[in-house]
Amino acid sequence: MKRTLLALGILVGALTIATAPAQIVYSFEPEDLHGFAGSGGDGWQVLRATTGVTHGDYSMGVLWPTGSGGFRWLFGNGARDELLPYLQISKKLLMDATVPTDVSVPWSNMTFSLNGPSPYGWNQLPFSTGLPRQSGTRTVLIDLESLPLPDPDIEWFQINFGMNAGGSHQLYLDNLRLYRTACEMMAMDFETPGELYGFAPDANNFGVTVTWNDGKMRIASTGGFHWIFNGTVPGLLEMLQRGDLVVMDVTVVSAPPAGWGNMIISVNTGPDGQAGTWSQTSYAAEIAAGNNTFTRAIAIDYRDVTYHPNPDYCLLNLGINSGGPMTIEIDNIRIYRKAVEGDVNCDGCVDDADLLSVLFEFGSTDITPADVNNDRTVDDADLLTVLFNFGTGC
Ligand SMILES: [Ca+2]
Ligand SMILES: [Ca+2]
Ligand SMILES: [Ca+2]
């Protein structure tokens, strides 16, 4: 105990700069930015930056040339052991994307490919992920589940970022990390026949229908923008307050002819019988892409929504937009918890269970959430972070 207390004193300084998220693939700290740096000389800039830093000291800035938008691939360095062991744990990743003040674009998105020597080759997603269009930091979900992984002994292996925007854009990326299902709070699974949790379009809106279909919510739109109002379950407000992303599985059943569809959400809270607070996200999740049909998870960062100060009710609304008729199915609407420092099992509370996880894995050099400070060793520093934050969130 005496030794622990001594170590505690020494490590206080280190602990205050450590941030909670373990299992980080890339933090964009090294000079070469894991290979993503390098401009083609046509005005694009990829740089190590100090804007939008959410882990460590640096982020990766991507600056489109003034007066233009457009598409560009950024290629990773191909170091297999920096990437493959992480994707073997989870093919869903999260990354923070920051747009600086006074920058905005009509749309921006990103696609991904995994690449290695033949016969593995180039493996690209058939869809893109929405990026923030207005100033602020948003977390994006990268769903690589539809892509195969190579043999573990492949010579090199890279992840590539396909960046796109409808204008001159500036983005700062940081903290590419594993998505953890342990952090999900399930809100609506659509398992009960006919159960739509209140989701419905306005009674006068004949441009969209919402039906229960075999364990999913089917939304058929004639195109354009439509609100699907009033989804709720008991405890929804508490879940939203403990999280920062709404995550759901979306299947494109019938693709819109113009090849694009997207979604925002709003949260409506208020006291019963009185006017409430309507607050909608600036982030738009991409849904459809081209004429492809597929299923993937999307996430909508709702950190910019505000709640009524004294709410009795809480309603989730989906704002669906598409270039022409589109049919989608939605399943498993869940809320992803905000990171609580020292919360190893991601149940929102730092307690005995977290302490035991660190003790059981003490000395491990695996990629594990017990490695709280993400330095690839479970040791005193991780234990102290848990002890320091004991009781937080409980
Ligand atoms: Ca960083
Ligand atoms: Ca915990
Ligand atoms: Ca550690």
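**Calcium site and disulfides**

In this predicted model, His55 is buried, its relative accessible area being 16%, and the backbone O of this residue is one of the atoms that coordinate the calcium ion (ligand 1). Tyr58, which likewise contributes its O to the calcium ion, counts as partly exposed because its relative accessibility is 28%, whereas the limit for a buried residue is under 20%. The remaining donors are Ser27, through both O and OG, Glu29 through OE, and Asp174, which appears twice through OD, and the coordination distances run from 2.2 to 2.7 Å. Along the chain, the donors of this ion follow the spacing S-x1-E-x25-H-x2-Y-x115-D.

The covalent cross-links can be considered next. The protein has 2 disulfides, and these follow the pattern 1-2, 3-4 when bonded cysteines are counted along the chain.

One disulfide joins Cys183 to Cys346, with an S to S distance of 2.2 Å, and with 115 degrees about the S-S bond the link is right-handed. Cys183 sits in the loop between strands E11 (170-178) and E12 (184-188), while Cys346 sits in the loop between strand E23 (326-337) and helix H4 (352-360), so the pair ties together parts that are 163 residues apart in sequence. Cys183 is buried at 4% relative accessible area, and Cys346 is buried at 7%.

Cys349 and Cys394 form a disulfide with their sulfur atoms 1.9 Å apart, and this link is right-handed, with 90 degrees about the S-S bond. Because Cys349 lies in the loop between E23 and H4 and Cys394 in the segment after helix H5 (380-388), the pair ties together parts 45 residues apart in sequence. Cys349 is buried, with a relative accessible area of 11%, whereas Cys394 is exposed, at 59%.

Definitions and conventions: Residues are numbered from 1 along each chain as its sequence is written. Chains are lettered from A and ligands numbered from 1 in the order in which they are written. This is a predicted model: local features need pLDDT of at least 70, side-chain atom pairs count only at pLDDT 80 or more; totals for chains, interfaces and linings use all residues. Side-chain values use heavy atoms; hydrogens and water are left out. Donors are N, O and S atoms within 2.8 Å of the metal (3.2 Å for Na, K and Ca); water is not among the atoms, so sites may look incomplete. Buried means under 20% relative accessible area, exposed over 50%, partly exposed in between (1.4 Å probe, protein chains only). A disulfide is a pair of cysteine sulfur atoms within 2.5 Å. Helices (H or I, at least four residues) and strands (E, at least two) are DSSP runs, numbered from the N terminus.
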